[in-house]
Amino acid sequence: MLFKKSIPQLIAEANENGEHTLKRTLSSSGLIALGVGAIIGAGLFSLTGIAAAENAGPAVILSFIIAAVGCGFAGLCYAEFASMIPVAGSAYTYSYATMGEFVAWIIGWDLVLEYALAGATVAVSWSQYFNQLLMIFHIQLPDTLLKGPWEGGVVNLPAIIIVCLLSLLLMRGTQESSRVNNILVILKVGVVLIFIALGWSFINPANHDPFIPVNAGEELVKSGQQSFWSFLKSDDFGHFGISGVLRAAGVVFFAFIGFDAVSTAAQEAKDPKKGMPIGIIGSLIICTLLYVLFSYVMTGIENYTMFKGDAKPVATAFARTGYHFLNTALIITIIAGYTSVILVMLLGQSRVFYSMSKDGLLPKIFSDLSKRQTPWKTNVIFMVFVSIFAGFVPVSDLGHMVSIGTLFAFTLVCVGILVLRKTDPNLERPFKTPLVPFVPIMGILVCILMMASLPIESWERLAVWLALGLLIYFVYGKKHSVIRKQHQNQQNIG
């Protein structure tokens with residue numbers, strides 16, 4: 001039997017108020033800022049350079065477009081769910097209503113990869129730019145405190161510190177966190193526009209030629225000297241050529257998870273039926289336009305090969321312009337941008353576990369609220385968890401894990417729309433996903449295609465992570481499930 005939460009039950013939860021519920025403080029503009037705050041960050045300022053150098057070359061522009069198309073399909077599905085079920089929990093809650101508790105647990109556990117590890121990924125890049133800022137003022141931190149043990153250091157101390165500081169801010173309250181985020185977003189979008197405007201005149205067309213660097217394996221396949229299947233298994237797959245563009249799309253897809261973070265705050269929106277679709281779709285459109293223009297300028301100013309292993313490629317590219325007087329301001333603003341991403345990711349993760357705990361699938365500690373109506377104990381737990389990953393794990397490994405977790409979540413949300421349109425076609429839908437079933441099916445196909453393009457190690461880590469999650473579910477979650485207990489009580493009464 002599928003243990004599902006009914007839509008009326010979820011709506012009743014959304015309408016609850018009082019000191020034991022989340023506080024509604026976010027307007028439509030605040031939700032858009034929340035989305036932009038999460039979207040523009042490591043994917044733009046750091047992973048763009050990595051994906052260009054290792055996978056797509058200047059064609060990383062196409063990778064952003066492919067990723068945006070996949071996000072567009074998924075975003076329309078998210079918007080329908082978020083307006084109809086304005087409850088914290090995002091894809092976890094939507095899966096609970098459409099595919100049942102077991103699938104909901106899997107996706108809720110998977111969202112840890114999306115939010116917690118996204119926060120850790122950005123914290124690693126934040127540390128690199130922070131060190132760059134210190135160097136301007138002639139302060140030099142030792143490499144041992146800037147890199148984890150797998151990169152020749154001991155611990156990434158600045159990354160740990162920023163995660164801790166933002167976790168403490170979240171404990172103070174959502175409204176306070178939102179105000180700080182709004183300021184950071186204004187700074188961040190401003191520097192992106194300045195970079196595009198000033199950098200455009202320094203574009204060297206030679207840096208965009210070839211637009212798609214040659215992949216040796218693809219050339220062998222075309223000439224018949226190698227089979228397609230052997231190419232798929234080779235080291236050449238994903239390193240430039242069309243396969244590289246697709247793999248880069250899977251990598252930079254991580255940069256678009258901001259609209260998903262908007263949906264986790266549904267229970268804190270003032271008018272979720274109107275605000276959630278505006279926040280999700282609006283932030284996605286704004287950021288896609290900025291991403292395409294930004295990546296075009298960045299790969300035009302500096303040759304993509306120079307970004308290999310560079311965690312601060314924007315500063316590297318901007319140095320070519322000669323606007324040295326703006327370099328310090330650029331770095332400060334990028335740091336501010338990264339800060340807002342970490343803030344939103346930590347907020348999103350705490351809200352997912354808040355919902356899972358309210359459903360009994362996780363211990364009550366995750367849904368305990370402070371006097372300021374924030375899940376402060378969850379914030380403390382993830383402060384420690386995210387800090388460990390930020391301090392010790394390489395950024396490229398974290399990025400791939402986040403991407404596959406995000407794509408998996410988006411796929412299930414698209415499936416959920418197909419299921420709910422079939423099982424509950426007459427439900428009130430303040431926002432309806434257009435062109436169903438085309439849009440959700442395309443969302444599923446694009447997400448699966450990008451998942452398939454990621455390295456096999458990403459799949460292996462996902463499998464290990466989900467196996468750990470299933471162990472926790474069968475040992476604890478299944479036994480404490482509120483829905484299961486309600487069902488058993490009804491059977492006993494009957």
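## Salt bridges in the model

Let's start with the charged side chains: the chain holds 5 salt bridges, counting a side-chain nitrogen of Lys or Arg within 4 Å of a carboxyl oxygen of Asp or Glu. Keep in mind as you look around that this is a predicted model.

One of these salt bridges joins the side chains of Glu80 and Arg421, with 2.8 Å from N to O. Glu80 belongs to helix α5 (residues 60–84) and Arg421 to helix α18 (residues 395–423), so this pair ties together parts that lie 341 residues apart in sequence. Glu80 is buried, and its relative accessible area is 0%. The pair also has company: Glu80, Arg421 and Arg429 are linked in a network of salt bridges.

## Two further pairs

Next, find Arg484 and Glu101, whose side chains form a salt bridge at 2.8 Å, N to O. Here too distant parts of the chain are linked, since Arg484 sits in helix α21 (residues 482–493) and Glu101 in helix α7 (residues 101–136), 383 residues apart. Are the two partners buried or exposed? Arg484 counts as buried at 16% relative accessibility, and Glu101 counts as buried at 1%.

Asp368 and Lys364 make another salt bridge, again with 2.8 Å between N and O. In this pair, Asp368 is buried, with a relative accessible area of 17%, while Lys364 counts as exposed at 59% relative accessibility.

## Around Ser63 and Gly244

Back in helix α5 you will find Ser63, which counts as buried at 0% relative accessibility. What lies 2.8 Å from a polar atom of the Ser63 side chain? It is the backbone oxygen of Val245. Setting aside neighbours within four places in sequence, Ser63 is in contact with Ala56, Val245, Ala248, Ala249 and Val252.

Gly244 is part of helix α12 (residues 241–252), and Gly244 also counts as buried, at 0% relative accessibility. If residues up to four places away in sequence are not counted, Gly244 touches Asn55, Ala56, Gly238 and His239. Ala56 therefore appears in the contacts of both Ser63 and Gly244, where contact means heavy atoms within 4.5 Å. From Gly244 to Val214 the distance is 9.6 Å, C-alpha to C-alpha, and the two are 30 residues apart in sequence.

## A nonpolar patch on the surface

Turn now to the outside of the model. Leu62, Ile65, Val69, Phe211, Ile212 and Ile242 make a nonpolar surface patch of about 440 Å². Which helix gives the most to the patch? That is α5, with 3 residues.

Phe211, one of the patch residues, is placed in the loop between α9 (174–199) and α10 (216–222). Phe211 is partly exposed, and its relative accessible area is 30%.

## Two helices to trace

Helix α2 (residues 28–39) is a good one to follow from end to end. Its 12 residues reach 16 Å from the first C-alpha to the last, close to the 16 Å expected at 1.5 Å a residue. The helix is mostly covered, as 9 of its 12 residues are buried. These buried residues are Gly30, Leu31, Ala33, Leu34, Gly35, Val36, Gly37, Ala38 and Ile39.

Helix α8 (residues 157–172) has 16 residues and spans 24 Å from its first C-alpha to its last, close to the 22 Å expected at 1.5 Å a residue. Its buried residues include Pro158, Ala159, Ile160, Ile162, Val163, Leu166, Ser167, Leu169, Leu170 and Met171. An α-helix has 3.6 residues a turn, so residues three or four places apart point the same way. Just after α8 comes Gly173, which takes a positive phi of about 145°.

## The chain as a whole

Finally, step back to see the whole chain. How many helices and strands does its secondary structure come to? There are 21 helices and 0 strands. Of the 494 residues in the chain, 60% count as buried.

Contacts reach far along the sequence: among those with a separation of 6 or more, residues 24 or more positions apart account for 82%. The accessible surface of the chain comes to about 19,100 Å², and 66% of this surface belongs to carbon and sulfur atoms.

Terms used. Residues numbered from 1 in each chain as written. Predicted model: local features only at pLDDT ≥ 70, side-chain atom pairs only at ≥ 80, totals over all residues. Heavy atoms only, no water. Helix = DSSP H or I, 4+ residues; strand = E, 2+ residues; numbered from the N terminus. Buried < 20%, exposed > 50% of the residue type's maximum accessible area, 1.4 Å probe, protein only. Polar contact = N/O pair within 3.5 Å; in protein donor to acceptor, adjacent residues only side chain to side chain. Patch = residues over 30% accessible without salt bridge, like charges linked within 9 Å, V, L, I, M, F, W, Y side chains within 5 Å. Areas by Shrake-Rupley, 256 points an atom, 1.4 Å probe, with all protein chains shown as cover. Expected span 1.5 Å × (residues − 1).
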